[in-house]
Amino acid sequence: MQTALVLGAGIMGLSTAWALSRAGFAVRVVEQDVVPNPRGSSVDDHRLIRHAYGAQAGYMRMIDPAYAAWNMLFSEAGERPYVGTGVLALAETAGGWLEASTHALRGDGHVVEHLTADQVTDAYPFLLRDGIVDAFRLPTGGVLLARRIVAMLARLIAARDIPILRARATNFDPDRASLALADGTTMRADLLVLAAGPWNTRLVPGLAARVRPTRQILVRLAPPDSVAEAWTRAPMLLDLAEDGGFYAVPPVAGTPLKIGDHRFSPTTDPDGPREASAEEAEAILHFARRRIRDLESYRVLSAAACWYDVETTERFVLEKAGERAFVMSGFSGHGFKFGPVLGLALARAARDPALVGPLAAWAAGEAAPAAGLLDDIEEDTSS
Ligand SMILES: Cc1cc2nc3c(=O)[nH]c(=O)nc-3n(C[C@H](O)[C@H](O)[C@H](O)COP(=O)(O)OP(=O)(O)OC[C@H]3O[C@@H](n4cnc5c(N)ncnc54)[C@H](O)[C@@H]3O)c2cc1C
């Protein structure tokens, strides 16, 4: 039996461990922290999945296989930590991301419903209409309950006899598929997968020139009673104002309403503090105040920092890091939704060297999946 070592128990490492186990590998996972790891990029109440991707048709087309992979996972786990919400996207100028998304989506036969500013505030009275020039709604898309999913995956791989060893890796040898650990021991396998999130750049030579860790702020809110129920039925909100847009995740399944933005901070140390300052929280609230009616009546529950690992052009890096090692990196603010599909594709390429190049090109959003790359995914496009 082939053996595999996976470094990191975030969504990428756990999904890949699951996929490699399905493919017949005997897998072990190494994680420096508890699982789910509150310091990891994967662990928060929610992560969003949506087809709208601007002009990035490669990632748009990865969404249906992503849903199929989630459905495989949920079916094996016997639970479905996902809430379909649909998408509401707003812009203060014509053209841009909304137009590019509409063009790509309609080209692939997706339903896109454009709304006027009045239609937006009629349907969602807790929003302000000022400045809305373009808007669309998509019926697909929703909220992946991320912390629950990571815990579910940890249980699933335990049931597959995959151990998660609590240890910190200090180095690796890609040609021997080995990890050197901080306690001085070494672990070896036939295959090594480096899925260390924003910490990857410390370990993998050359990666820091392409991928950088950034600190991102999110704010959790409790809406006032008058609109609390309406928010639970709201779509995810993408507000694309040029001088400071934000996203809002509705308070589904008992989670808080969450707002955040996608501006990257300067490169920062992923071991930095997770608490956000009052000034950092205010910077996000400032953008939301323009769009959410009476935001002052919402209670701020908490504000936190979470780390992205940002590739220069926001493409995913799924590559060989040497003879017998793969690296998974560059997931920025959009990797979670693709964890299981990327894990399944990597497990396929691990068994077929001809798929290694096509895996990298597809994961970068640059190419359609090569024949065979998605063969481990059972056909299912329900979303
Ligand atoms: C605020 C925010 C919002 C986001 N929103 C979305 C969204 O809506 N939709 C979406 O699809 N994506 C979203 N993302 C992105 C997504 O969450 C990440 O791309 C994804 O979680 C990355 O997972 P990962 O497994 O690579 O990293 P992580 O979850 O960080 O896992 C890496 C693990 O490796 C471990 N590790 C690191 N170094 C070592 C070592 N030396 N030894 C042992 N263990 C080690 C770490 O402890 C960690 O647990 C968001 C991210 C953030 C921060």
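Which side chains does a polar contact of 2.9 Å join? The pair is D33 and R39, and the legends below start there. This is a predicted model, where local features need pLDDT of at least 70 and side-chain atom pairs count only at pLDDT 80 or more, while totals for chains, interfaces and linings use all residues. Residues are numbered from 1 along each chain as its sequence is written, and side-chain values use heavy atoms, with hydrogens and water left out.

**View 1. D33 and its partners in the loop between strand 2 and strand 3.** Helices (H or I, at least four residues) and strands (E, at least two) are DSSP runs, numbered from the N terminus. D33 has a relative accessibility of 15%, so it counts as buried; buried means under 20% relative accessible area, exposed over 50%, and partly exposed in between (1.4 Å probe, protein chains only). The side chains of D33 and R39 make a polar contact of 2.9 Å. A polar contact here is a pair of N or O atoms within 3.5 Å; within protein, one must be able to donate a hydrogen and the other to accept it, and residues adjacent in sequence count only if both atoms are side-chain atoms. Leaving out residues up to four places away in sequence, D33 touches R39 and R166, with contact meaning heavy atoms within 4.5 Å.

**View 2. The cis peptide bond between V35 and P36.** Omega is about -5° for this bond. P36 sits in the loop between strand 2 and strand 3. For context, most peptide bonds are trans.

**View 3. The ligand and its shell.** Of the 34 residues around the ligand, E31, S42, R47, L48 and C306 come nearest; a residue is near a molecule if one of its heavy atoms lies within 4 Å of it. Backbone atoms (N or O) reach oxygen atoms of the ligand from S41, at 2.8 Å, and from L48, at 2.7 Å. A polar backbone atom of G335 is 3.4 Å from a nitrogen atom of the ligand. The ligand exposes 1000 Å² when taken alone, and the protein buries 96% of that (Shrake-Rupley method, 1.4 Å probe).

**View 4. Where the shell around the ligand comes from.** Helix 1 (11-22), strand 3 (47-49) and strand 18 (299-311) are the elements that give two or more residues to the shell. Strand 18 supplies the largest share, three residues. Sorted by class, the shell has 18 nonpolar, 12 polar and four charged residues. Ala, Val, Leu, Ile, Met, Phe, Trp, Tyr, Cys and Pro count as nonpolar, Asp, Glu, Lys and Arg as charged, and the others, Gly among them, as polar.

**View 5. Helix 5 (residues 146-159) and what covers it.** The 14 residues of helix 5 should span 20 Å at 1.5 Å a residue, and its end C-alpha atoms are 20 Å apart, which agrees. That expected span is 1.5 Å times one less than the number of residues. Its buried residues are A146, I149, V150, M152, L153, A154, L156 and I157. Their cover includes helix 1, strand 2 (26-31), strand 3, helix 2 (57-77), strand 8 (142-144) and strand 9 (164-166). After helix 5 comes D161, with a positive phi near 65°.

**View 6. Helix 9 (residues 339-351), mostly covered.** Helix 9 has 13 residues and reaches 19 Å from its first C-alpha to its last, close to the 18 Å expected. Of those 13 residues, 11 are buried, including G339, L342, L346 and R348. The buried residues of helix 9 pack against helix 1, helix 2, strand 13 (191-194), strand 19, strand 20 (325-329) and helix 10.

**View 7. Two loop residues with positive phi, A253 and E314.** Most residues other than glycine have a negative phi. A253 has a phi of about 50° and lies in the loop between strand 16 (246-249) and strand 17 (257-260). At 54% relative accessibility, A253 is exposed. Phi of E314 is near 60°, and E314 is found in the loop between strand 18 and strand 19 (317-320). At 21%, E314 counts as partly exposed.

**View 8. S178 in strand 11 (residues 178-181).** S178 is buried, with a relative accessible area of 7%. Not counting residues up to four places away in sequence, S178 touches N171, F172, D173, T186, M187, R188 and L192.
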